[in-house]
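User: I'd like a close look at one part of this chain, with its surroundings explained as you go. Could you take me through it step by step?

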Amino acid sequence: MSLEPKDEHDHEAWMETKDLSPIEEVYLTALIWMDKRLRIVDYLEMLEDMYYKTNLQMPKSHTEQYNLDNKFWYWYPLYALGSFSTIAYVVAAITGALLGFYYAPSTATVGEGAQTVAYSNVLFIMGDLNFGLFLRSLHRWSAQVMTAAVFLHMLRVYFTGAYKEPRELNWIIGIILISLTMVFGYTGYLLPWSQLSYWAGQIGVEMALSIPLIGEWAAQLIFGGFTLGEATLQRMYILHVFILPFVVTAIIAVHIGIVWMQGIAEPH
C-alpha cells in the first residue's frame with residue numbers, strides 16, 4: 001500500500017497559536033520531528049482505518065444493539081475476571097523477579113541439617129530477609145488468585161457463549177493460557193525443593209512415564225530422568241523463570257489485542 005505524502009505545514013507557527021504546557025510542547029515537537037522523517041502519523045492513520053474496517057465485520061454487541069451503557073457490562077464482576085487475572089500475573093511476575101535475587105536452584109546439601117541450597121534459600125527469605133515473608137506470600141497468593149481467576153474466566157466465557165464465532169480463535173488461545181498457567185504453578189511448586197515439592201515432582205515423573213510410546217522420552221526431557229535430582233530442579237527453574245514468562249506474556253498480549261479488536265461479547 002502506498003501512502004501519499006501530505007502537504008507541507010508550518011508546524012512551528014501552528015504551535016505558537018496554541019496554549020500548550022511544556023510537556024505538550026515537548027511531546028508535539030518530538031512527534032513532528034519523527035513524523036517528518038518516519039511518517040508516523042500516516043501509518044497511525046492507516047492502522048486506524050484498518051481497525052475500523054475490521055470492526056465493521058464484527059456483529060454488534062448486546063450493548064450496541066440496545067444502546068445500553070457499556071460501563072454496566074465492563075464493570076460487571078464476571079466481566080472483570082480477565083483483567084483481574086492479568087493484574088495477578090503482573091504482581092506474581094514482579095514479586096517472582098525480586099525473589100530470584102535470593103534463590104539458587106541447587107540440590108546440594110548445606111549446613112548441619114543437610115538442607116539443600118534451594119530450601120535453605122527459601123528459609124532465609126521467609127525468616128531472615130526483611131519483608132521476605134511478605135514478598136513470598138504475595139507471590140504465592142497472586143499465583144493462586146491468577147489460577148482461580150483464569151478458571152472462573154473460562155467458565156464465564158463458556159456459559160455466556162462468548163467462545164462462538166467469530167471469537168473461537170481467542171477461545172483456543174484461552175485454553176492454551178490456562179494450560180500454561182497450570183504449568184506455571186507446577187514448576188513454581190517444585191522450586192522450594194521441600195518434601196511437598198519433591199513428592200509432587202515424583203508424581204509428575206510417574207505421570208510422564210504413563211504416557212504411551214513417548215513416556216520415557218517425556219520424563220527425561222521434562223524432569224531430566226526417571227528420578228529427581230539436580231537436573232530436575234534446574235529444568236523447573238529454567239521453565240518457570242526464563243521460558244514461561246516470555247511465552248505467556250506474548251500470548252496474553254495477543255489475547256488482549258483480539259479482545260480489543262472484537263469487543264466484549266456480552267450475554268444475549
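Analyst: **From a loop to the last helix**

Thr160 sits in the loop that links α8 and α9 (168-190); helices here are DSSP runs of H or I with at least four residues, strands are runs of E with at least two, and both are numbered from the N terminus. This is a predicted model, in which local features need pLDDT of at least 70 and side-chain atom pairs pLDDT 80 or more, while totals for chains, interfaces and linings use all residues. Residues are numbered from 1 along each chain as its sequence is written, and side-chain values use heavy atoms, leaving out hydrogens and water.

Thr160 counts as partly exposed because its relative accessibility is 27% (buried is under 20%, exposed over 50%, partly exposed in between, with a 1.4 Å probe and protein chains only). Its C-alpha lies 8.3 Å from that of Ala265, although 105 residues separate the two in sequence.

That brings us to α12, which covers residues 230-262. Its 33 residues should span 48 Å at 1.5 Å a residue, and the end C-alpha atoms, 46 Å apart, agree with that; the expected span is 1.5 Å times one less than the number of residues. Along the way there is a kink of about 45 degrees at Leu244, shortly before Pro245 (the angle between axes fitted to the seven residues ending there and the seven starting there). Just after the helix, Gly263 has a positive phi of about 85 degrees.

What does α12 bury? Its buried residues include Leu233, Tyr237, Leu244, Val248, His255 and Ile258. Some of these lead into nonpolar cores, meaning sets of buried Ala, Val, Leu, Ile, Met, Phe, Trp, Tyr and Cys residues joined through side-chain atoms within 4.5 Å. In the largest core, of 16 residues, Leu233 is among those touching the most other members, together with Tyr103, Leu191 and Phe223. The elements giving two or more residues to this core are α7 (117-127), α10 (195-209), α11 (215-223) and α12. Tyr103 touches Leu233 and Tyr237, among others, when residues up to four places away in sequence are not counted; contact means heavy atoms within 4.5 Å. Another core lies apart from this one, with 15 residues that include Met146, Leu180, Val248 and Ile258.

His255 of α12 also has a partner in α8 (residues 132-159), namely His153. Beyond its neighbours within four places in sequence, His153 contacts Leu81, Gly82 and His255, and His153 counts as buried because its relative accessibility is 16%.
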